[in-house]
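Dear colleague,

Please find below the structure that I promised to pass on to you. I would be grateful if you could keep it open while you read the notes that come after it.

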Amino acid sequence: MMYFNWKSEVEKRKEKLINQTQEFLRINSVLDESTASNDKPFGEGIDRALTHMLSNGKDYGFSVKNVDGYAGYVEYGEGEESVGILCHLDVVPAGSGWTSPPFSADIREGKIFARGAIDNKGPTIAAFFALTLLKELDLKLNKRIRIIFGTDEESNWRCVDHYFKHEEMPTVGFAPDADFPIIHAEKGIMDINIHYRSQQESNSEVELSFFKSGERLNMVPESAEAIMTGNVEDLKQIIEAFQAYLEANKIEGTYEHSETQLTLTLIGKSAHGSTPEKGLNAGLYLAKFLSNLTVKGIPTFINNIASQFHGDTSGVRIGINHEDEISGPLTVNVGKIMFEKDKEAMVGLNIRYPVTASGEKVIESIKQFSDQNQAEFELLDHMTPSFVDGDHPLVNVLQEVYQRQTGEEATLLAIGGGTYARSLDVGVAFGPMFPGREDVAHQKDEYILIDDLMRATAIYAEAMYELAK
């Protein structure tokens, strides 16, 4: 059996790898609907990123195709079967507070700083560079290796939906967009809105007129706001109760008031929707406070939200709790709560269910729950679970490669997040984050360690070769 010193081959090309990574990271590839067109469905920036990678593919002599601006690919090798490497070129908005401009790709302390450095443009270059390495070494492949470039992963996955309507499904594949060693199981994900019939008590001394928390279903809300009206004495009592509640729960909050109006703001702790237990849901904590008040005028909706969801991230109280040994328990994140007197009463849920659970049964249970609460169920999105058995040849090959290059055990992982691996018939997530590394995806000063970029490139090169030889 033939083995190369893949690390050494990457080391020889270190400067070139760094330069290519910086060049690509300097392209602002945030979704921009204002510049979208038929041939640039996600805007000019994303189109520039796609054109850049396809142009590089042509320069290296790969087979190249632009799939209507939604996606594209570069391909090398021969054979009926194919190995798919799914990357995405779009990035989330940069946000503020960066030490250096987010698309400058500055290098400091052995790190390249840029939006997309770790998610997912740095790993995209690692995969592309790995493929060029196989070509430069003139290695014989019996399968085609196709790197597929998606362009809408951070939004609605319209890219892969379009791609697989027009192009073949790889025999096996991986997405370099998560953690090493190997993620072989990804929970099912669904976004749901439940619209309640708001019930406001009349003739009340205090009245809730507005309540809001959360902007995205897949994030634990960091803040929540409630606006109440009433007489000055009742509002003063609520302020005192609010201060005591904050102190008792060791959380932060503020209030503003006039003679007849009180605004309460509660500050929680944000976390990803796949791990709601790691956050402190400001909306649920504020709803719980309001439900504890002895005054009238708190809508039944708010009381229901507090009793049905506060302190329960596993869906026990609404009858959807499931768990398995492969991927763990179902999680529920109450990503949005919205109430406006006489207009709207809605809760938005992000649910991650185990790979062995039935998504349809989860949906049916929530529909029943909605009916019982005189509420309307709305399914916004549903991605079924992804799972590849630990004994599958794809997993075995990747385990062998990872263990050979790192000297560490290639344990199998399950996550609540979602990667392009779930769009494959047989696919897993494979890197680029090494164990123990700080996860800086979607954060200010996002970076990739140059040493990790090189390590990942070497691992991807050997993995591609072993899967396609």
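The notes below go through the annotated domain, the sheets with their helices, the nonpolar cores and the cysteines.

Please bear in mind that this is a predicted model, in which local features need pLDDT of at least 70 and side-chain atom pairs count only at pLDDT 80 or more, whereas totals for chains, interfaces and linings use all residues. Residues are numbered from 1 along each chain as its sequence is written, and side-chain values use heavy atoms, with hydrogens and water left out.

To begin with the annotation, an unreviewed UniProt entry places the feature "domain: Peptidase M20 dimerisation" at residues 262-375; UniProt positions are in the numbering used here, the feature name is shortened, and such annotations may be inferred rather than shown by experiment. The C-alpha atoms at the two ends of residues 262-375 are 28 Å apart, and the span is 31% helix and 27% strand. Helices (H or I, at least four residues) and strands (E, at least two) are DSSP runs, numbered from the N terminus.

One open sheet is formed by eight strands with antiparallel pairing, in the order β13-β14-β12-β11-β17-β18-β10-β19, where two strands pair if DSSP finds at least two bridges between them. Its edge strands are β13 (252-257) and β19 (375-383), each of which pairs on one side only. Neighbouring strands in this sheet are turned by 20 degrees against each other on average, direction ignored. Within the sheet, β17 (residues 331-340) and β18 (residues 344-353) run antiparallel and are joined by nine bridges; T331, for instance, has R352 in β18 as its bridge partner. Helix α8 (residues 300-309) packs on this sheet, touching β10 (188-196), β11 (206-213), β17 and β18, and its direction makes about 170 degrees with that of β17. Helix α9 (residues 359-372) lies across β10, β18 and β19 and runs at about 160 degrees to β19. Here contact means heavy atoms within 4.5 Å, and axes are lines fitted to C-alpha atoms, for helices over the stretch in contact, with angles from 0 to 180 degrees between N-to-C directions.

An open sheet of three strands, again with antiparallel pairing, has the order β4-β5-β24. Its edges are β4 (106-108) and β24 (447-449), each pairing on one side only, and the twist from one strand to the next averages 25 degrees. Three bridges join β4 to the antiparallel β5 (residues 111-113), and in β5 the bridge partner of R108 is K111. Helix α2 (residues 14-25) packs on the sheet, touching β4 and β5, at about 15 degrees to the direction of β5, while helix α11 (residues 450-468) touches β4, β5 and β24, at about 70 degrees to the direction of β24.

As for the interior, a nonpolar core is a set of buried Ala, Val, Leu, Ile, Met, Phe, Trp, Tyr and Cys residues joined through side-chain atoms within 4.5 Å, and buried means under 20% relative accessible area, exposed over 50%, partly exposed in between (1.4 Å probe, protein chains only). The largest such core has 73 residues, and those with the most contacts inside it are L134, I147, F430 and M464; α11 gives the most to this core, with 13 residues. Leaving aside residues up to four places away in sequence, L134 touches W6, Y76, L139, L141, I145, A461, M464 and Y465. Apart from this core lies another, of 53 residues, among them Y245, A357, F369 and F377.

Finally, the structure holds zero disulfides, a disulfide being a pair of cysteine sulfur atoms within 2.5 Å. For C87, the nearest cysteine sulfur is that of C159, 12 Å away. C87 counts as buried because its relative accessibility is 0%, and C159 counts as buried because its relative accessibility is 0%.

With best regards
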